[in-house]
Amino acid sequence: MASRGLRTAILDLTQGESGTRGTADDRAREAAEAARLLGVIWRQALDLPDGAIENTLENRIKIARVLRLLKPRAVILPYWQARHPDHAIVASLGYQACFLSGLAKIETGEAPHRPFKIVYASLYADVRPSFIVDISPFIEQRHASLMAYQSQYANQPIGSGLFVAEEEIRERTFAEARHYGLLAGVKYGEPFVQKEVGLVDDLTLIPVQSI
């Protein structure tokens, strides 16, 4: 999206203070570098407790304030099934915050705004994606942004049983992207799920060959 000249933003809900590796300060520096590599123009972190995010009205309003400030047309949320409890709950928390953000009687100091499209990043879920984005030109950029998180992914004794060895990360992530790329007829792909049906104007313009 950034390469198309669109404004992109990332909202981290926690500051990573409970992570096995690194500190909140480490995460803040690494997140800023990852955002720079991805061409993201705005990135901030809320103060929700790392490892204990709850879908409460207070938390929905915190997210709604950001939605009203940035006014995104599209929002990408984590898929609702995930190993990490925070990731799973953010699917419903984020969706409800998007709805609440459009309610005129919810006072946050900003004008109401409701995103048009919500999609879910399903890379780590064993589900058939609704669509795949061709990320072939950006695969190295994506890897560099991931490896910006050295406090998490660099080889170190702490958490060695939980984290993939640094030298394996490239092979695994590229293989995953290659798999989804093959499904869509491109070299590297990123999968997403949408809950609503799609709409097509012209059958002859639908990509991905059937036979």
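Me: Before we start, what counts as a salt bridge here?
Reply: A side-chain nitrogen of Lys or Arg has to sit within 4 Å of a carboxyl oxygen of Asp or Glu. Keep in mind that we're looking at a predicted model.

Me: OK, so why is the pair D12 and R43 called a salt bridge?
Reply: The closest N and O atoms of D12 and R43 are 2.9 Å apart, and the cut-off is 4 Å, so the pair qualifies. D12 belongs to strand β1 (residues 9–12) and R43 to strand β2 (residues 42–45), with the two positions 31 residues apart in sequence.

Me: What makes R43 partly exposed?
Reply: Its relative accessibility is 23%. Buried means under 20% and exposed means over 50%, so R43 falls in between.

Me: How do you know that E140 and R170 make a salt bridge?
Reply: Their N to O distance is 2.5 Å, and the rule asks for within 4 Å, so they pass. E140 is in helix α4 (residues 139–147) and R170 in helix α6 (residues 166–184), so this contact ties together parts 30 residues apart in sequence.

Me: And are E140 and R170 buried, exposed or partly exposed?
Reply: E140 comes out at 44% relative accessibility and R170 at 35%. Both values lie between 20% and 50%, so both residues are called partly exposed.

Me: What about R142 and E190, what makes them a pair?
Reply: Their side chains meet in a salt bridge at 2.5 Å, N to O. R142 sits in helix α4 and E190 in strand β6 (residues 189–193), so parts 48 residues apart in sequence are tied together.

Me: Why is E190 called buried, while R142 is called partly exposed?
Reply: E190 has 15% relative accessibility, which is under 20%, so it counts as buried. R142 has 21%, which is not under 20% and not over 50%, so it goes down as partly exposed.

Me: How many salt bridges are there by this rule?
Reply: Nine. Some share partners: D47, E58 and K62 are joined into one network that way.

Me: Zooming out, how many helices and strands does the protein have?
Reply: Six helices and six strands, running β-α-β-α-β-α-β-β-α-α-α-β from the N terminus on.

Me: Why is the protein called as compact as a globular protein of its length?
Reply: The radius of gyration is 18 Å, and the globule rule gives 17 Å for 211 residues; the two are close, so the label fits.

Key
Residues are numbered from 1 along each chain as its sequence is written. This is a predicted model: local features need pLDDT of at least 70, side-chain atom pairs count only at pLDDT 80 or more; totals for chains, interfaces and linings use all residues. Side-chain values use heavy atoms; hydrogens and water are left out. Helices (H or I, at least four residues) and strands (E, at least two) are DSSP runs, numbered from the N terminus. The radius of gyration is taken over C-alpha atoms; the globule rule is 2.2 Å times the number of residues to the power 0.38. Buried means under 20% relative accessible area, exposed over 50%, partly exposed in between (1.4 Å probe, protein chains only).
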